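The exercises below each pose a task and then work through its solution step by step. Please keep the sequence and the coordinates at hand while reading.

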Number of protein chains: 2
Amino acid sequence: MKIITSIDEMRQYAAKLRKRGHTIGFVPTMGALHAGHISLVEAAAGENDRVIVSIFLNPAQFSPNEDLDAYPKPLKKDIKMLRTTKKVDCLFNPAANDVYPDGYATYVELQNSMVNCLCGATRPTHFKGVTTVVSKLLNITRPDRIYLGQKDAQQAFILMKVMSDMNYPTTAVICPIVREKDGLALSSRNAYLTPEQRNCAPIIYRSLQMAESMIELGERDPEIIKKEMRRKIKEENLEIDYVEAVSSGDLKPLEKLSGRVLIAAAVFIGKTRLIDNTIIDIQ
Amino acid sequence: MKIITSIDEMRQYAAKLRKRGHTIGFVPTMGALHAGHISLVEAAAGENDRVIVSIFLNPAQFSPNEDLDAYPKPLKKDIKMLRTTKKVDCLFNPAANDVYPDGYATYVELQNSMVNCLCGATRPTHFKGVTTVVSKLLNITRPDRIYLGQKDAQQAFILMKVMSDMNYPTTAVICPIVREKDGLALSSRNAYLTPEQRNCAPIIYRSLQMAESMIELGERDPEIIKKEMRRKIKEENLEIDYVEAVSSGDLKPLEKLSGRVLIAAAVFIGKTRLIDNTIIDIQ
C-alpha cells in the first residue's frame, strides 16, 4: 500500500492508473477506521481494479463548537488496518494546510432543503464542508466509483445530488450500515462513550427496529412513528436531536409514508452525538 | 468539426481523446463569436492535440434584470466561423435544460473579495454563475488547458483561483484582448451599439491608454489616474459603472501602484454595458 501525502503526487498516481486502463474505486474517510470503513474498502475492491482510500479529518465540516480537536486520530492503527485488508493500493493522507492553503476561499454548496433538514438543522455549515472537500478529492483522484456509508445517509444523498448536478462521471455506491452485535451502528465517535453510555447506545437502533415493525404492521403516519421512537429513546433518558421520517434520496418531508423512506435519528449520549438510520421500501 | 449537444456524449468523446493520449485545449464561450474568441481557438490549437469549444449562453450568470434574452445567438454563423478555422475538433452546445435540469441546486462559489469588486459590485450573483458552469464544463471535458480572454480579466482571475482552490489539474491560459482598429475591445455586446454609440465607444480604450501613459511618466497614485480616466470618459457623456486600479491576479485594492496592476473600466453606452482593461507591469 502506497502512502501519498502530496496532492500533485496523488493526482499523478491516479492519472497513471487511468492511463493503464485501471478502474479506480475511491473510499473517502476521516480516519479512526472501523469495520464500517473496511466494508467500503471490500466493496471497492470487488468492483474496481484499484482502490484508493483517503484519510483527511476535514476541518471545513466542523463548526468551531464541534469536536474537531477531540476527534480520534489513530493514524498508525488506521494504516495497519488498511494494510491488513491487502485490498488498498494507495492511502491518500494530505495535510490540512495543503487542502486548504492560506487564502483558500472556494466552496461547493448544495443550496436546497436537503442540507437544512436532519443533521443540517443543527449543523448549518457541515454539508458545505463535506461537499467542498469531496469535490476536491474527486478532482484529485477522478475515480470511477466512490464508496459511501449508509450510516451517514444524508451525507451520501447530498453527495449523490452534488455529483449529479456537477456532472461528475463518478458512480456513488452506498454500502449498508455495519453494526455491533447489540445493534449499535459503528462510528468513530463510539470511542467517546463511557462503558455506561455504551450500554444505553443500542436504544437508538432498537427505536429504528420498532419503526420498521410499526411500518410492517401497516402504520403510515410519520408523526405516530416518530412519537413512539422518541418515547423509546427516552427510556434511556437520552437527549434527542431529531427523529425524522423523510423520503429517501431527496429527504423531503412526508405526510404519509410511502415509497422508499429514510427513518433517521440523532441522539446525544452525554456530549456524544450519535446518528443512525434505516431505509424501508413501502409497497 | 463534430457537434455534440449531449453531456454524456461530450464526456465520452473527451474521455476517448484522453485515452488515445491526446491533450485537450478547451475554449468556453457564450457564442456570438468574434475574432477575440477565434484568437483563443488559435492559441488552443497551437498548444494541444485537440480543441473543444463550448457555446453555452449560461442563464446562471445573468440576473433577472440583465440582457439574457437580448444576448445575440447567431448559432449558424458561430458554427461557420468555427468550421472556417479548421482548428476545432468538437463544438459542445448543450441545452440549458440539460445543464440545469429541474431541481438543479449546486453552486461553486468563490467567497472572497475578488467576486465583490469591479463587475461584482453591480453584478452580485454573476461570478457564482460563471464559476459553477465552468466547473461543470471542466468536469465534463477534463481539458489539459482552458483558454480565457483577458477582456474578462476579473472572470479569468476568479476562474484561476477557483481551479487552484478546487485542485483542478487544468492550466489556465489568458489570451490578450483583441481590438478593432480604433481600439474598441471586441465584445459580443458591441452588436447592441447604434452607429453613433459605436463612435463614442473607443473612448474607453483611450482612457486606458491615458492611464498607461500616466504610469509610464511615473504616476503611482491610483486615485489621480482614476480621476483622469473618469474625466476622459465623461468627454463622451458616458455613464461610468466603475474605473479601478487593483492588484492583478488577486484584485486587491492598491494605495500606491506597484507590481502587476490591472486597470479596468465598465461604462454604459446607452443601455449597453461595456468593459475593458489593461494589465501593466510596474518595475
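**Exercise 1. Locate the salt bridges of Arg231(B) and describe their setting.**

Solution. Arg231(B) and Glu228(B) both belong to helix 10 (residues 222-234) of chain B, where they are three residues apart, about one turn of the helix. In this predicted model, the second step is to look at the side chains, and those of Arg231(B) and Glu228(B) meet in a salt bridge with an N to O distance of 3.0 Å. A further salt bridge links Arg231(B) to Glu235(B), with the closest N and O atoms 3.7 Å apart, which falls inside the cut-off of 4 Å. The last step concerns accessibility: Arg231(B) counts as partly exposed at 44% relative accessibility, Glu228(B) is likewise partly exposed at 24%, and Glu235(B) is partly exposed at 47%.

**Exercise 2. Determine which parts of chain A the salt bridge between Glu42(A) and Lys87(A) ties together.**

Solution. The side chains of Glu42(A) and Lys87(A) meet at 2.7 Å, N to O. Because Glu42(A) lies in helix 2 (residues 35-47) of chain A and Lys87(A) in the loop between helix 3 (75-85) and strand 4 (90-92) of chain A, the pair ties together parts that are 45 residues apart in sequence. Glu42(A) is partly exposed, with a relative accessible area of 35%, and Lys87(A) is partly exposed as well, with a value of 34%. For context, the count over all chains comes to 30 salt bridges, and elsewhere in chain A a network of salt bridges links Glu223(A), Lys226(A) and Glu244(A).

**Exercise 3. Characterise the interface between domain 1 and domain 2 of chain A.**

Solution. Begin with the bounds, since the domain assignment gives domain 1 as 2-175 and domain 2 as 188-278. The C-alpha centres of these two domains of chain A lie 26 Å apart, and 21 residues of domain 1 are in contact with 16 residues of domain 2. Between them the two domains bury about 1600 Å², 57% of it on carbon and sulfur atoms. On the side of domain 1, Leu118(A), Lys151(A) and Phe157(A) supply 34% of the area buried against domain 2, more than any other three residues. The polar part of the interface comprises one salt bridge and eight residue pairs in polar contact, both residues being at pLDDT 80 or more.

**Exercise 4. Characterise the interface between chain A and chain B.**

Solution. Contacts come first: 26 residues of chain A are in contact with 26 residues of chain B. The two chains bury about 2500 Å² between them, with 47% of that area on carbon and sulfur atoms. In chain A, Arg142(A), Met166(A) and Asn167(A) lose the most area to chain B, together 26% of what that side buries. Turning to polar interactions, the count between the chains is zero salt bridges, whereas 22 residue pairs are in polar contact, with both residues at pLDDT 80 or more. Helix 6 of chain A gives the most to the side that touches chain B, with six residues.

**Exercise 5. Describe how strand 9 and strand 10 of chain A are arranged.**

Solution. Strand 9 (residues 259-269) of chain A pairs with strand 10 of chain A in the antiparallel sense over 11 bridges, and Gly259(A) has Ile282(A) in strand 10 as its bridge partner. The two strands form a hairpin with two residues between them, and Gly270(A) in the turn has a positive phi of about 65 degrees. Finally, strand 10 (residues 272-282) of chain A is mostly covered, nine of its 11 residues being buried.

Notes:
Residues numbered from 1 in each chain as written. Chains lettered and ligands numbered in written order. Predicted model: local features only at pLDDT ≥ 70, side-chain atom pairs only at ≥ 80, totals over all residues. Heavy atoms only, no water. Buried < 20%, exposed > 50% of the residue type's maximum accessible area, 1.4 Å probe, protein only. Helix = DSSP H or I, 4+ residues; strand = E, 2+ residues; numbered from the N terminus. Pairing = 2+ DSSP bridges. Domains from an automatic or database assignment. Contact = heavy atoms within 4.5 Å. Buried area = accessible area lost by both parts, 1.4 Å probe. Polar contact = N/O pair within 3.5 Å; in protein donor to acceptor, adjacent residues only side chain to side chain.
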